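Biologist: Please take a close look at the salt bridges here, and tell me what they link.

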Amino acid sequence: MLTIKDLAVSFQARRGQVDAVKGITFDLGKGETLGIVGESGSGKSVTSYALMRILDAGGKIKAGDVTYSGVDLRNATESEMKDIRGSEISMIFQNPRAALNPIRKVGHQIEDVLRRHAKATNQNARQKAIEALKAVKIRDPEQRYEAYPFELSGGMCQRIVIAIALACDPRLLIADEPTTGLDITTQKSVMDLVSDLIRDRGMSAILITHDLGLAAQYCDRIIVMKDGKIVEAGDPLSLFHNPQHPYTRKLVDATPREGETIRSLLPEDMRVPLLPHKIEDEPLLQVINLTKTYQGKTGPVHAVKGISFDVKKGQSVGLVGESGCGKSTTSEMLVRLLDPTKGEILFNGESISDIPAQKFGKSALRRDIQMVFQDATDSLNPRHTARQTIADPLQRLGGLSGVALGARIEELATLVGLPHSLLDRFPHQLSGGQKARVGIARAVALEPKFLILDEPTAALDVSIQAIVLNLLADLRAKLGISYLFVSHDLHVVRLLCDHVIVMRGGQIVEQGPADDVMTNPKDPYTKELLSAAPKPPLRRVVTQP
């Protein structure tokens, strides 16, 4: 169905030409699902944009051929490409909210595609749009037809984007990181839906992802890209059990799955023994009947409903659950960015829930309770260098200046593995992993006793995620910090946490030692979460030199 031969794509940048894709070749058969995996910047998305002819300004196809069902896409006119896009080849983009028009009803956006490709008339466009919503299993499709994107959840917006992509019955579907930012149950439902639709309609598909485990579960064949080149290709079992290229082995090793330890995610030359950490019996944090209620349009909304738990000194506690379960609201109350409606928070035996959130920043306790935010990019000031970002809490709460301040910044950079040469760079000049290290350095600058980690690795490539997780494990041992690790990735929680709390609908449905909850869950919802987690093949059986 699709043949790409010697494809090369470049972009014109300020400092000259950047070669994003360097002469790649592959085929896609009818009814086949092909996975393209690799880390950020490997050329995965650029490859798909090139075959769709939707490259950014400055991007161009330098060389190679792209043939779809006998049609030369590289030399097709723009008019011909407009007819092909949507009706023959369709794409699910990475960020569903960015892909949807925020000021138009989602039903009207589906109608746009149907009308553009003459699949509907003014008389039947609404009905066909509703049928497209039904096809992606959206409840109350007539009601959702009238909704705006901001009124829908992330998973619902992703289903709308899928409905738009499939409205005209294309023969080839390209899914670019379709589950990024989705919780684990929504991720499974979206991927199962896409997989079922592909099979039922006899379509071909390309799944672009940095998650090798996800690709292994849903793809017939996988190609691995690095620095704009294909370094390896094969079926999922072969790639996991006997990867040939060092980069593929690195990705396989960094993919969390059952039976792994946190050190086994790292390359073999980095697997030094973990430092021992001590968990004391005395609780550092006690949460008692904590509740948060908002006033909604139709009445009170109970975001958190009377939850209670402890975090011991030196303990790492995982807080898991799907989007909307109350994890982030709980975190914001504990870090005292949000006031609870009722309930009590005790820190080292002292009540901190009575201190208003607006005043807690000036409290002496602020340095003891810190947070690493989910999106490292959004949580860093774009006008501050890494040095200035790390310096901020040291100056405001630590009173450091001059030589002492500079020495402490460099000490922290060394602690989190950030090269000193990067300290004077701005966020846009740093990679995702480097920005995550800056955020962690800022959070641990004052050696807090309690650190809340809100999805700190959600947007990171698997190899960078492995390094950050091991860094957090080492910091915990060195500094004796207690963690509340908020995540929807159960494999990651199992690796880093001693105790797990499972939330649903604002309530705790199960909690206990991590091994017990993960291997012998009691609550049906916990079982559902565990069954929804991607299950990549076990570690390779052939060891390469």
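Modeller: What follows describes the salt bridges and the parts of the chain that hold them. This is a predicted model, in which local features need pLDDT of at least 70 and side-chain atom pairs count only at pLDDT 80 or more, while totals for chains, interfaces and linings use all residues. Residues are numbered from 1 along each chain as its sequence is written, and side-chain values use heavy atoms, with hydrogens and water left out.

A salt bridge is a side-chain nitrogen of Lys or Arg within 4 Å of a carboxyl oxygen of Asp or Glu. By this rule there are 23 salt bridges. One of them joins glutamate 88 to arginine 171, with the closest N and O atoms 3.6 Å apart. This pair links distant parts of the chain, 83 residues apart: glutamate 88 is in the loop between helix H2 (78-84) and strand E6 (89-92), and arginine 171 in the loop between helix H7 (154-166) and strand E7 (172-176). Helices (H or I, at least four residues) and strands (E, at least two) are DSSP runs, numbered from the N terminus. Glutamate 88 is partly exposed at 26% relative accessibility, and arginine 171 is partly exposed at 33%; the term covers values between buried (under 20% relative accessible area) and exposed (over 50%), with a 1.4 Å probe and protein chains only.

Glutamate 282 and lysine 313 also meet through their side chains in a salt bridge, at 3.5 Å from N to O. Their loops lie in distant parts of the chain, and the two residues are 31 residues apart.
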